[in-house]
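Subject: A structure to look through

Dear colleague,

I am handing over a structure for you to look through, with the sequence beside it. Please open both first, and then read the notes that follow, which go from one part of the chain to the next.

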Amino acid sequence: MQSSWLSIFPKNPWISIYAWVIFCFLPFFFIFRSSSPIEISIGISLLLLYFLSYRFSYKSKSGLVYMWISFEVVINIVMTLLFGYVYLAIFTAFFIGNIRNPVGFFIMYGLHIALTVGAIVAGFFIDMDLFLPQIHFIVISVLGTVLLPFNLYYRNKNMNLEGQLEDANERISELVIIEERERISRDLHDILGQKLSLIGLKSDLAGKLIYRDPHAAEKELKDIRQTASAALREVRELVADIRATKLKEELLRTKQMFQAAEMELTIAGDPSFHHIPPIVESVVSMCLKEAVTNVVKHSQATSCRITFEQQPNEFVISIEDNGVGLAGGGEMQNGSGLRGIRERLEFVNGSLQIEGEKGTKLTIRVPVVLKHIMKEAD
């Protein structure tokens with residue numbers, strides 16, 4: 001069930017808030033049209049009870065919701081028979097359309113239609129002059145009572161299925177990443193485990209032979225060098241098989257994502273960093289992808305600015321939006337992908353800075369010094 005009191009005003013523009021305001025005040029016209037003070041008191045009391053039940057039905061999170069809906073249906077019948085006011089049925093129909101349980105939905109939907117139509121038919125027999133002048137509006141109300149719940153029910157069902165599909169896709173992506181990490185871990189273990197053990201044994205042996213048999217120690221040291229070179233070569237081959245993600249490619253997907261989300265995107269600076277190692281570019285690209293996904297899904301922003309800057313000692317990327325920001329002034333929070341960004345950046349000695357008071361600004365920094373390490377490895 002939808003639990004927000006504000007959700008009685010549907011987001012769908014074909015039923016605007018103005019229509020709901022009219023339906024709220026229109027009953028008083030039918031009530032005060034009666035000349036009897038007793039009937040006026042009864043009408044106002046029923047109307048207050050109806051909206052009180054409507055309020056409680058949105059607050060209920062258990063089977064009591066069906067009890068409150070039943071009260072609404074009964075009050076609607078009484079209002080129809082006494083004052084010819086049928087239109088509360090649309091309120092009830094809207095709420096029934098938000099019931100997620102299929103069995104509960106179809107039971108309440110069938111009962112509501114049957115009792116509403118029955119009350120209208122009975123009203124024509126009781127006082128035809130009261131119902132006949134508004135026959136056109138009554139027909140429209142009945143059609144709304146019939147069609148509105150189905151529209152809302154299947155719209156909510158589709159939204160729920162889309163959410164489940166999105167969660168499933170995210171889970172599949174996580175499993176693929178975990179599987180890839182495990183594969184890389186196994187390959188590295190197979191490549192380095194034996195050779196590093198051999199290097200350790202030969203180093204111990206060379207240490208023992210260095211004074212007793214220098215020539216044998218020198219031979220062991222040469223073997224250590226050859227073994228290390230072979231291990232380095234195999235590691236390079238393994239890394240070469242891992243497809244690196246380019247910043248330009250990720251930026252192209254980012255533009256497509258913002259365009260689909262109808263959000264304004266501004267790009268400053270040159271994403272073509274000079275002398276950036278492939279592994280660093282791949283890590284930074286994944287961090288950019290995660291940050292952009294957070295902006296689109298969680299920020300409620302209308303615009304975003306991505307800035308690329310290459311400083312003498314570090315590569316810097318900042319992602320700034322005009323959304324709702326982060327609670328706590330930008331402190332690290334669980335979820336929203338921020339923890340994953342930090343973990344990826346730690347792998348390349350990078351850092352993540354978060355500012356979240358007015359909008360959110362993420363600043364990714366990766367030291368350039370890493371390229372010298374890569375050169376030395378060559």
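**Salt bridges in the helices**

R253 and E250 both lie in helix α9, where three residues, about one turn of the helix, separate them. Their side chains form a salt bridge, in which the closest N and O atoms are 2.9 Å apart. The two partners are covered to unlike degrees, as R253 is partly exposed, with a relative accessible area of 37%, whereas E250 is buried, with a relative accessible area of 5%. Please keep in mind while reading that this is a predicted model, and that every value here was computed from it.

A second pair can be found in helix α8 (residues 214-241), where D223 and K219 lie four residues apart, which is again about one turn of the helix. The side chains of D223 and K219 meet in a salt bridge with an N to O distance of 3.6 Å. D223 has a relative accessible area of 19% and counts as buried, because buried means under 20%.

How many salt bridges does the count come to? The count comes to three, and the remaining pair, R365 and E314, is described with the sheet below.

**The chain as a whole**

The chain has 378 residues, of which 37% count as buried, and its secondary structure comes to 12 helices and five strands. It exposes about 22,500 Å², and carbon and sulfur atoms supply 61% of that area. Among the contacts with a separation of 6 or more, 70% are between residues 24 or more positions apart.

**The sheet**

Five strands form an open sheet with mixed pairing, in the order β1-β2-β3-β5-β4. Which strands stand at the edges? They are β1 (264-268) and β4 (351-355), and each has a single partner strand, so one side of each is left without a neighbour in the sheet. From one strand to the next, the twist averages 10°.

Two helices that pack on this sheet are worth finding in the viewer. Helix α9 (residues 247-260), which also holds the pair R253 and E250, touches β1, β2 and β3, and its direction makes about 155° with that of β1. Helix α10 (residues 278-298) touches β2, β3 and β5 (360-367), and its direction makes about 10° with that of β3.

Within the sheet, strand β2 (residues 303-310) and strand β3 (residues 314-321) pair in the antiparallel sense over seven bridges, and in this pairing E309 stands opposite V316 in β3. Strands β4 and β5 also pair in the antiparallel sense, over five bridges, with R365 in β5 as the bridge partner of S351. Four residues lie between the strands in the hairpin of β4 and β5, and there G359 takes a positive phi near 70°.

In a regular strand the side chains alternate between the two faces of the sheet. In β4, the covered face has L352 and I354, while the uncovered face has S351, Q353 and E355.

R365 also takes part in the remaining salt bridge, in which its side chain meets that of E314 at 2.7 Å, N to O. This pair links distant parts of the chain, since R365 is in strand β5 and E314 is in strand β3, 51 residues apart. R365 is partly exposed, with a relative accessible area of 26%.

**Helix α5**

Helix α5 (residues 102-126) is the place of I107, and I107 belongs to a nonpolar patch on the surface that it forms with V103, L111 and L115. Together these residues have about 360 Å² of accessible area, and I107 itself is partly exposed, with a relative accessible area of 46%.

Is G104, which is also found in helix α5, buried or exposed? At 9% relative accessibility, G104 counts as buried. Leaving aside its neighbours within four places in sequence, G104 is in contact with Y66 and I99. The C-alpha atoms of G104 and Y66 are separated by 8.0 Å, although the two residues are 38 apart along the chain.

With kind regards

Conventions
Residues are numbered from 1 along each chain as its sequence is written. This is a predicted model: local features need pLDDT of at least 70, side-chain atom pairs count only at pLDDT 80 or more; totals for chains, interfaces and linings use all residues. Side-chain values use heavy atoms; hydrogens and water are left out. Two strands pair if DSSP finds at least two bridges between them. Axes are lines fitted to C-alpha atoms, for helices over the stretch in contact, and angles run from 0 to 180 degrees between N-to-C directions. Contact means heavy atoms within 4.5 Å. Patches are made of residues with over 30% relative accessible area and no salt bridge: like charges are joined within 9 Å, nonpolar side chains (Val, Leu, Ile, Met, Phe, Trp, Tyr) within 5 Å. Accessible areas come from the Shrake-Rupley method with a 1.4 Å probe; for residues, only the protein chains shown count as cover. A salt bridge is a side-chain nitrogen of Lys or Arg within 4 Å of a carboxyl oxygen of Asp or Glu. Buried means under 20% relative accessible area, exposed over 50%, partly exposed in between (1.4 Å probe, protein chains only).
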